Amino acid sequence: MSQYTEHTDPQQVDIAICGAGPVGLSLAALLVKRGVDAGRIALIDAKTVEQARQDPRSIALSYGSRQILQEIGAWPIAATAIHQIHVSRRAHFGRTLIQREEFQLPALGYVTRYGTLVTALASLPALAGVRLLRPVQVSASTEQDDGVQLQLSDGRMLRSRLLVQAEGGLFGAQDNKYNRSLQRDYQQIGIVAHVQSSAPVAHRAFERFTDQGPLALLPQDDSNGNNYALVWCVRPAMASELLALDDAAFLAALAQAFGGRLGRFTRTSARNSFPLGLNARPAATARTVAIGNAAQTLHPVAGQGLNLGLRDATVLARLLASDTEPDMLHQFAIARKTDRSLTIHLTDVMARIFASAPDGALSQTLLGLSLGLVDVVKPARRLLAQQMMFGRR
């Protein structure tokens with residue numbers, strides 16, 4: 001049972017958080033840990049706690065995200081550690097291998113279920129006094145000189161000094177939802193599933209770049225014997241073909257795209273798909289701030305979206321713990337500019353350059369050399385890994 005306090009008359013709060021996913025929940029817990037009165041925080045979400053707990057999606061957490069979750073008491077959770085990340089290019093030379101030993105860490109990252117993480121966060125004692133409003137949506141918000149007035153879908157009104165947008169959704173459902181100044185449709189579809197291979201490599205994640213887009217296999221055992229979470233990014237026409245295949249034909253296509261490093265692919269779960277795009281840089285307002293997926297929806301390459309959102313929550317909580325005046329939101333934008341920009345552009349370049357490069361020998365050689373250089377030049381590999389694991393917070 002949730003430990004939140006249910007309120008039928010929320011009245012006035014200092015901080016309203018729209019979205020009780022991992023980023024919104026983490027922000028609330030971080031605020032309470034830093035001394036903010038839990039009763040002055042409201043969490044608003046369209047789903048029930050049980051619906052969120054049943055979400056089977058796999059998510060990648062960096063080691064830096066584990067540190068954030070540890071700070072608020074939401075770690076350990078059921079997760080598979082990533083000790084190595086193997087990055088390669090299909091049908092071309094050049095690869096890099098990032099290993100935990102280089103950084104003297106127990107893991108580079110972890111793979112878990114969305115529902116598992118939400119369950120751990122929702123049960124935190126720190127959130128016991130937070131005002132929980134769910135299942136309900138914000139149907140309208142009006143920003144005023146002294147706060148933000150929220151109209152809820154069940155007819156209630158809520159006034160808050162500040163509003164935090166932490167509910168982003170998928171790229172395909174975000175049209176006109178937020179005012180973004182950086183948008184890109186990658187013309188790719190992400191196909192997700194859980195698959196089983198005959199020769200898995202324990203704790204090794206794979207990022208394989210193909211001419212259709214990146215293909216990621218993340219180590220994750222489940223009760224059905226599957227041992228990898230698959231994220232396969234392809235163009236729409238190819239996605240339609242893959243989704244129409246029976247399981248055996250789909251696994252054969254996967255083997256052709258990935259190669260034989262894991263033996264044969266022998267099982268797949270049901271497949272789901274979603275469009276991929278970039279939405280970033282929401283317009284700033286005096287009393288409203290966006291974090292996580294609501295601020296930047298990224299391509300799933302390198303699995304950086306949630307991790308960037310948790311860093312957003314960490315910095316925002318630190319600032320709002322000292323004051324809930326609008327100037328804190330301005331300071332937040334300045335503090336997050338570098339990390340956000342680096343991560344957004346890193347994933348954007350990785351998503352586009354490998355999938356859209358011409359097939360000419362020179363371009364393919366240069367791409368192979370770029371992976372080879374990252375593998376050979378230790379400072380380059382270290383900088384890349386440090387940004388992916390810790391970012392800047």
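Good morning. Of the 393 residues of the protein chain, 53% count as buried. Please bear in mind that what we are viewing is a predicted model. The chain exposes about 16,500 Å², and carbon and sulfur atoms supply 53% of that area. In terms of secondary structure, the chain has 10 helices and 20 strands. As for contacts between residues at least 6 apart in sequence, 76% of them join residues at least 24 apart.

Let me turn to the interior. How many residues does the largest nonpolar core have? The count is 83, and the residues with the most contacts inside this core are I17, L27, L31, I291 and L316. Helix 7, which covers residues 305-320, gives the most to this core, with nine residues. The core also draws on two domains: at least three residues come from each of domain 1 (12-79 + 112-182 + 279-356) and domain 2 (185-275). Apart from this core lies another, of 20 residues, including I189, I191, L242 and A257.

One residue of the largest core, I291, merits a closer look. Which residues is I291 in contact with, leaving aside its neighbours within four places in sequence? Among them are V23, L27, V164, Q165 and A166. The list continues with D312, A313, L316, F332 and R340.

I now move to the strands, beginning with a general remark. Strands of a sheet pair through backbone hydrogen bonds, either parallel or antiparallel. Strand 12, residues 157-165, offers examples of parallel pairing with strand 2 and antiparallel pairing with strand 11. Six bridges join strand 12 to strand 2, which spans residues 12-18. Within that pairing, C18 has Q165 as its bridge partner. Strand 11, residues 147-152, is joined to strand 12 by four bridges, and there Q151 is partnered with M157. Strands 11 and 12 form a hairpin with four residues between them. In the turn, G155 has a positive phi of about 95 degrees. Strand 12 also pairs with strand 19, residues 288-290, in the parallel sense over three bridges. Here V164 stands opposite V289, and V164 is also one of the contacts of I291 listed earlier.

Next, please consider an open sheet of three strands. In what order do the strands of this sheet lie? The order is 4-8-5, with antiparallel pairing. Strand 4 (58-62) and strand 5 (80-82) are the edge strands, each pairing on one side only. Neighbouring strands of the sheet are turned by 30 degrees against each other on average, direction ignored. Five bridges join strand 4 to strand 8, residues 109-113, and these two run antiparallel. In this pairing, S62 stands opposite G109 in strand 8. Helix 3, residues 63-71, packs on the sheet and touches strand 4 and strand 8. The direction of helix 3 makes about 90 degrees with that of strand 4.

My last example is I98, found in strand 7, residues 95-99. Is I98 buried or exposed? The relative accessible area of I98 is 3%, and a residue counts as buried under 20%, so I98 is buried. The C-alpha atoms of I98 and R204 are separated by 9.8 Å, although these residues lie 106 residues apart along the chain.

To close, I would recall two points. The largest nonpolar core draws at least three residues from each of domain 1 and domain 2, and strand 12 pairs with strand 2, strand 11 and strand 19. Thank you for your attention.

Note on methods: Residues are numbered from 1 along each chain as its sequence is written. This is a predicted model: local features need pLDDT of at least 70, side-chain atom pairs count only at pLDDT 80 or more; totals for chains, interfaces and linings use all residues. Side-chain values use heavy atoms; hydrogens and water are left out. A nonpolar core is a set of buried Ala, Val, Leu, Ile, Met, Phe, Trp, Tyr and Cys residues joined through side-chain atoms within 4.5 Å. Buried means under 20% relative accessible area, exposed over 50%, partly exposed in between (1.4 Å probe, protein chains only). Domain bounds come from an automatic or database domain assignment. Contact means heavy atoms within 4.5 Å. Two strands pair if DSSP finds at least two bridges between them. Axes are lines fitted to C-alpha atoms, for helices over the stretch in contact, and angles run from 0 to 180 degrees between N-to-C directions. Accessible areas come from the Shrake-Rupley method with a 1.4 Å probe; for residues, only the protein chains shown count as cover.
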